[in-house]
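Good morning. I will go through one structure today, chain by chain, and then look at a few details.

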Amino acid sequence: MCPLVTVRRHGNAGRSRKCASRYNGPPLALLADMRIVTLLLLLASLAVPCAVARAQEPEPAEGTRIESAEVSGFAIDQLSPGLQRDIESLKGERFERDRINRLVERIEEEHPEVVAAVRTVSRPDDQVRVIFLIARISDDGDLVSNINARYTVESVEIQGVPEGTISQSLRDRLQRLVGGRLDTEADDLIDELRAERPGYDVSRRIQRGTKPGQIRVVFEFSETERLRWIPFIRSRSRYVYHSEQGWSGVHDIPMGGRYNRATVGFAFSNSDDLVEEYSGFRVRFESRRVGTERVGLSLEVSRFNNTFREPTLTALSANPAIPEPYRTRLTVEPIGTVALTRQVRVFGGVSFSNLVALSHSPDSQMASTVIGGLAYTQRWDLDSKSRSNVDAGYEIRSSALDSDLSYRRHFGHASYRYDHDDNTVIASVFLGRVTGNAPLFERFSLGDTSTLRGWNKFDIAPAGGDHVFHQSLEYRFHNVGLFLDAGSVWDTGTDKRIRTSTGFGILGDNFFLTLAFPINEGGANGTFMVGVRF
Amino acid sequence: MSPALVHDMRARLAFITVVVALSPLALVAQSFDVRVVADTLQLRGSGLGLIEGRVADHLRDGRSVRADFELTLLEKPRGSAIAHGQYGFIVSYDLWEQRFAVTRVGAPPRSISHLTARNAEGWCLESMTLPLATLGRFAHDVPFWIRVDYRVLDRAPAPNPEEDSAFGLRTLIDALSRRRQDEPPGRSLEAGPFRVGH
């Protein structure tokens, strides 16, 4: 039992009215309930002078003469005769904290539907007035929400993130909870904390304070998806339109929970990332806790029907060194991942692709590789308004396991993103190299809705290239932005021509609508692109 | 509960009795009992398993939970429903008293504090009543079964959507899959046969 509690302070009368507005009964019935109105008025009339008295004077000293003892907010005749008598007998007695507290305990024991607290008001001639404030729990929305709302907040703490990453204004508001009751304001602050620190869940925990009747409020930040040891493979879903290349669609449907996920994906005439156009499906299973959260496994099986556009077929016929095109591609790819730290992961696995020849069906070739690589993800929350992210990785695929096509593919990428308020800067670079006879889906291309925007891949390298280099710089303000892309894709022994492009438009994380222009080309033909990625 | 109300209930109980017939099958897990108070059927008992494990930890961290109950009267085990009612409770744990407080939401709300976990569960059960008038012939010496389903919501804000899933279908699917994974604790209890006798 709490020895002594302090229930109200300045402004709590107003809170009580607010609580009444959240009363679950019909509003008209509430207004008609004079008991509640009376209680609110009573508490309102008592709270302010009592709080003022508390602010000006310390607790009465032990032994102070009690001028009067009253019960407020509750009809005294509802208390047992013995308890009534003991309260009334305080008059003229010496103030003893323990005795008062025992009476509070007895009130709550007799009437578990109420909470009781004591107010003392100093009177002239070294006397003190003792008031037992009693409130029905069900009449107070804050108490209904949490019985600990009866206690005074002793301190407010933030755990899980450095305090400095929360804005000063929000920290000030958190500190204003101290000295008051736990009310809905504390719940509202959770939403605001979450808004300031996306990537974290925020919850509120309450602990006992250092003194009876006081509580510590702890706002805990816990990491969400972005900071897990092993993230799930990001969705490749997109529906995009490129004025030179037409529509492409990929739709991933993930299902599962925190550690295991199955993704069913479909491709609809997708030509946005490779020189081939493919339609079909893929199924991927991922587990990112295999014994420990640092170890994950994934298995992807995909089957696509492939078509090749005329420029690609023409380019292929002109270059017999490139392996022949295929009509279907069936791939099985198991991968294991180990997180060395939360930022660094290594992965390895194998990939088996069966390619049914386009012109000699049902002849087929196997493209089997061993895969290895390293991934790095880091995020810095610089302050409440600024954050930056780095993603980088390197992957090598090397043919093995009786592959019909012998090749090795290296690919490295890095991107940096800086967000400040509504401003975003994104810089990215990637480069890759293939040696040997790599199948078409392993060759590089540029000139789509995300690389060398403004160029058409079927003009640049319709059969792709075995080398690639690309960099991009993008600035966004309120999702309106402009970009500058530069890159080159080429085959060994051919000219390495650097192309650049620029453009502007709506550049959101999930939606884009842009007009882009090649820079170092004779004409000024614009390319229109629109789409969603999610 | 005020002494006057307790006295009134006892007086009514003197006139109306509830015959609880325990079949051997029901002996397995009879978590609750029924009685008639003021022309309503009221549950009685404890052992709902509501304030245990994760929920109890959550409460002891000073958080509150909402428990939504559904009470269904059945004509036979897993049979069709005769009547049902829905009830909501908010439970919190007084950190200094080290006792639980419960409020039955609705009009009018009723609250109680200073309860042990077992008593808090019992109070929830007692607060779930069904008017005898809704039971039809089952209010007259015809056996019936009772099922109590409940689901606990921790009243914590929903987790943030993932960074890359703020759009449409993906968000929906993620939300659905999270709900499956983080299924709120809940339970379904069935007991009987009971019989209301006069």
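What share of the contacts in chain B with a separation of 6 or more is accounted for by residues 24 or more positions apart? The figure is 64%. Before going on, please note that this is a predicted model.

Let me stay with chain B for a moment. Its secondary structure comes to four helices and ten strands. Along the sequence, the order of these elements in chain B is α-β-β-β-α-β-β-β-β-α-β-β-α-β. Chain B has 198 residues, and 47% of them count as buried. The area that chain B exposes is about 9,400 Å², with 54% of it supplied by carbon and sulfur atoms.

One helix of chain B is worth a look. Helix 3 of chain B covers residues 117-126, and its buried residues are B:Ala120, B:Glu121, B:Gly122, B:Trp123, B:Cys124 and B:Leu125. What covers these buried residues of helix 3 of chain B? The cover includes six strands of chain B: strand 2 (32-37), strand 3 (40-45), strand 4 (65-74), strand 5 (81-94), strand 6 (99-105) and strand 7 (110-115).

Now chain A. There are ten helices and 22 strands in chain A. Of its 534 residues, 51% count as buried. Residues 24 or more positions apart make up 57% of the chain A contacts with a separation of 6 or more. Chain A exposes about 23,500 Å², and carbon and sulfur atoms supply 55% of that.

I have two helix pairs to show in chain A. Two packed helices are described by the angle between their axes and the distance between the axes.

The first pair I picked is helix 4 (residues 81-88) and helix 5 (residues 97-110) of chain A, whose axes come within 11 Å and cross at roughly 155°. Angles over 145 degrees count as roughly antiparallel, so helix 4 and helix 5 of chain A are roughly antiparallel to each other. Their crossing is left-handed. On the helix 4 side of chain A, the contact is made by A:Gly82, A:Leu83, A:Asp86 and A:Ile87, and on the helix 5 side by A:Arg99, A:Leu103, A:Arg106, A:Ile107 and A:Glu110. Sorted by class, this contact has four nonpolar, one polar and four charged residues.

The other pair is helix 7 (residues 168-175) and helix 8 (residues 184-196) of chain A, packed at an angle of about 160° with their axes 11 Å apart. Helix 7 and helix 8 of chain A are therefore roughly antiparallel to each other. This crossing is left-handed. From helix 7 of chain A come A:Leu170, A:Arg173 and A:Leu174, which meet A:Glu185, A:Leu189, A:Glu192, A:Leu193 and A:Glu196 of helix 8. That contact divides into four nonpolar, no polar and four charged residues.

Finally, two single residues of chain A. Where is A:Phe74? It sits in the loop between strand 1 (65-72) and helix 4 of chain A. A:Phe74 is buried, with a relative accessible area of 9%. Beyond its neighbours within four places in sequence, A:Phe74 is in contact with A:Leu79, A:His111, A:Glu113, A:Val114, A:Ile134 and A:Arg136. A:Phe74 and A:Ala116 are 42 residues apart in sequence, and their C-alpha atoms are 9.9 Å apart in space.

Is A:Arg261, in strand 9 (residues 260-270) of chain A, buried or exposed? A:Arg261 is buried, at a relative accessible area of 6%. From C-alpha to C-alpha, A:Arg261 and A:Arg288 are 8.8 Å apart in space, with their positions 27 residues apart in sequence counted as the distance apart.

Technical notes: Residues numbered from 1 in each chain as written. Chains lettered and ligands numbered in written order. Predicted model: local features only at pLDDT ≥ 70, side-chain atom pairs only at ≥ 80, totals over all residues. Heavy atoms only, no water. Buried < 20%, exposed > 50% of the residue type's maximum accessible area, 1.4 Å probe, protein only. Contact = heavy atoms within 4.5 Å. Axes fitted to C-alpha atoms, helices over the stretch in contact; angles between N-to-C directions. Parallel < 35°, antiparallel > 145°, perpendicular 65-115°, else oblique. Left-handed = near helix turned anticlockwise from the far one by under 90°. Nonpolar A, V, L, I, M, F, W, Y, C, P; charged D, E, K, R; others polar. Areas by Shrake-Rupley, 256 points an atom, 1.4 Å probe, with all protein chains shown as cover.
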